[in-house]
Amino acid sequence: MQDDLRSFLGQLEQHGLLARVTKEVDPRFELTGVAQKAEKLGRALLFENVRGYGVPVACNVFSTRRMLGLVFDSAPEDAVRVFAQRMETRIPPTVVPEGPVKEVVRIGEDASMDEWPLVTHCSKDAGPYITAGTIVARDPETGIRNVSVNRMMYKGAHSLACRMMPPQHLGQIQAKAEAMKEPLEIAVVIGNHPIETLVASTSVNFGDDEYGIAGALRQRPLEVVKCETVDLEVPATAEIVLEGEVLPGVREPEGPFGDFMQYYVPIMDNHVFRLKAITHRKDPIWQSIQAGSQEDIQLQALSREAQVLRAVLATGAKVKAVSLMPMNLNCIISIEKQFEGEPKNVMAAAFGVYRWLKYCVVVDHDVDAFDLDDVWWAMATRSNAGKGLMPVSEAMGFPRDLFHIHQSKLGIDATAPLNQWEEFERKRVPGVENINLNDYLD
Ligand code: MN
């Protein structure tokens, strides 16, 4: 059987990265609060006792670079290289006759949203949301599949609100169906292996089937099964699938919702999904992702880091690591500097390829790009603010910019002067990396 959410949870558990929460938690605020605190400790959680529901909820399954390293069987900082390399190919999915996601099939009135532990995340959120659902749809003109992550708000036992707007691919596809006055069939997959969530969060060209990318990242075809009531396929080893349609010409209020920048997006008129069927495993696991959590940022960061990596490598730079963590409008790039001034070429390449980028800090190879303390240390001890800054005013930036604060950029060269390693060699304590503090403390 192919890797899936539960096999990945098993991997996390083996590495001591998953904690099972047996204490009862409220899916309204408390669950997200616990997940938020556990994320700071680098722990994924499986809530086994969610008040009012017999279904466990997985959180934080993808929230650290170490977890990402497990997905790609790589060192944490090398996940982006593996990702970038595998993204060069496509391996289409294989349709298989059956899979565990069909262990229970419920159609029509027998299918209800009321049985699932949808989570209410933040104080002003309009209600419970599905945040870890990947939406599968088919372009009505070309027949090509699209997979994306879209938030969905609980409206009733058979209805959810969903945000889908062009230029996002699902929005374009729905607009085509709507122009034909047709409902758009969709399947919402909950409980994915991290790769399927990742490809659904990756920006690719319109018409590039995300499940073909999932195959490339898995290095074998993703096994999918046909849905019961819609003409779509979903991963055979998913936990839960909602089948239904988006109604043409219908918009109803959705939101507010605490989004990825950690601000609330306002109430808006959005699309309406009508539930037709649910298929799931006998012992299904629900999944929740808090918008703006490190898990959410990481999902969006990896493909953009790959973009930046490719562009910076094309300048001839010797890149050690690229990090868009912990907030993906900013970037840290560590390099083995070859000539004075090279960090500015590196920043220019990064700003050029990734428009949202606002601050770009270039550090030496001995600085951990994923450790902000280390990056600040490099800025404090190696940068020259008189000549190492590269401001760019009024370029293209993050598009939702009511206050016009995201269009200007700043590059910061925090590398040491070239060929001065006698002065800038970092002191180190021999053997520190092998010391286990538990051996010394009570
Ligand atoms: Mn797409």
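## Glu305 in helix α8

Glu305 is buried in this predicted model, because its relative accessible area is 0%, below the 20% limit for that class. The residue belongs to helix α8, which covers residues 294–313. Leaving aside residues up to four places away in sequence, Glu305 touches Arg65, Val80, Val322, Ser323, Leu324, Met325 and Phe370.

Helix α8 also appears in the account of the cavity and of the second largest pocket below. It supplies at least two residues to the lining of the largest cavity, and at least two to the lining of the second largest pocket.

## The manganese site

Which atoms coordinate the manganese ion? They are OD1 of Asn146, ND1 of His169 and OE of Glu210, at 2.0 to 2.2 Å. Along the sequence, these donor residues follow the spacing N-x22-H-x40-E. His169 is in helix α5 (residues 169–179) and Glu210 is in helix α7 (residues 210–218), so this pair ties together parts that lie 41 residues apart in sequence.

Are His169 and Glu210 buried or exposed? Both are buried. The remaining donor, Asn146, stands in strand β8, opposite Ala137.

## Strand β7 and its partners

Strand β7 spans residues 133–138, and five of its six residues are buried, so the strand is largely enclosed by the rest of the structure. It pairs with strand β8 (residues 145–149) in the antiparallel sense over five bridges. Between these two strands the hairpin has six residues, and Gly143 there takes a positive phi near 75°.

Strand β11 (residues 184–190) is another partner of β7: the two run antiparallel and are joined by five bridges. Within this pairing, Gly133 stands opposite Ile190 of β11.

## Gln168 beside helix α5

Gln168 sits in the loop between β10 (159–162) and α5. Its relative accessibility is 28%, so it counts as partly exposed. Contacts of Gln168, not counting residues up to four places away in sequence, are with Ser148, Val149 and Asn150.

How far apart are Gln168 and Lys155 in space? Their C-alpha atoms are 23 Å apart, with a separation of 13 residues in sequence.

## Two open sheets

One open sheet has four strands in the order β1-β2-β3-β19, with mixed pairing. Strands β1 (18–21) and β19 (286–287) stand at its edges with a single partner strand each, so one side of each has no neighbour in the sheet. Inside this order, β2 (residues 44–47) and β3 (residues 57–59) run antiparallel and are joined by three bridges. Leu45 has Cys59 in β3 as its bridge partner.

Another open sheet has three strands, ordered β4-β12-β13, again with mixed pairing. Its edges are β4 (94–95) and β13 (233–235); each has a single partner strand, so one side of each is left without a neighbour in the sheet. Two bridges pair β4 with β12 (residues 223–226) in the parallel sense. The bridge partner of Thr94 in β12 is Glu223.

## The cavity

How many cavities of 30 Å³ or more does a search of the whole structure find? The search finds one. The largest cavity has a volume of about 30 Å³. Its lining consists of Val61, Phe62, Pro194, Thr197, Gln287, Ile289, Glu295 and Leu299. By class, these are five nonpolar, two polar and one charged residues. Helix α6 (194–200), like α8, supplies at least two residues of this lining.

## The second largest pocket

The second largest pocket holds about 740 Å³ of space. Its lining has 35 residues, and those closest to the pocket centre are Glu39, Ser293, Gln294, Glu295 and Pro326. Glu295 is also one of the residues that line the largest cavity.

Which element gives the largest share of the pocket lining? Helix α2 does, with six residues; this helix covers residues 30–40. By class, the lining of the second largest pocket has 15 nonpolar, 15 polar and five charged residues.

Notes:
Residues numbered from 1 in each chain as written. Predicted model: local features only at pLDDT ≥ 70, side-chain atom pairs only at ≥ 80, totals over all residues. Heavy atoms only, no water. Donors = N, O, S within 2.8 Å, 3.2 Å for Na, K, Ca; no water. Buried < 20%, exposed > 50% of the residue type's maximum accessible area, 1.4 Å probe, protein only. Pairing = 2+ DSSP bridges. Contact = heavy atoms within 4.5 Å. 1 Å grid on protein atoms, 1.4 Å probe; cavity = no way out; pocket = protein on both sides within 12 Å on 5 of 7 lines; lining within 4 Å. Points joined across faces, edges and corners; volume = space filled by probe spheres on them. Nonpolar A, V, L, I, M, F, W, Y, C, P; charged D, E, K, R; others polar.
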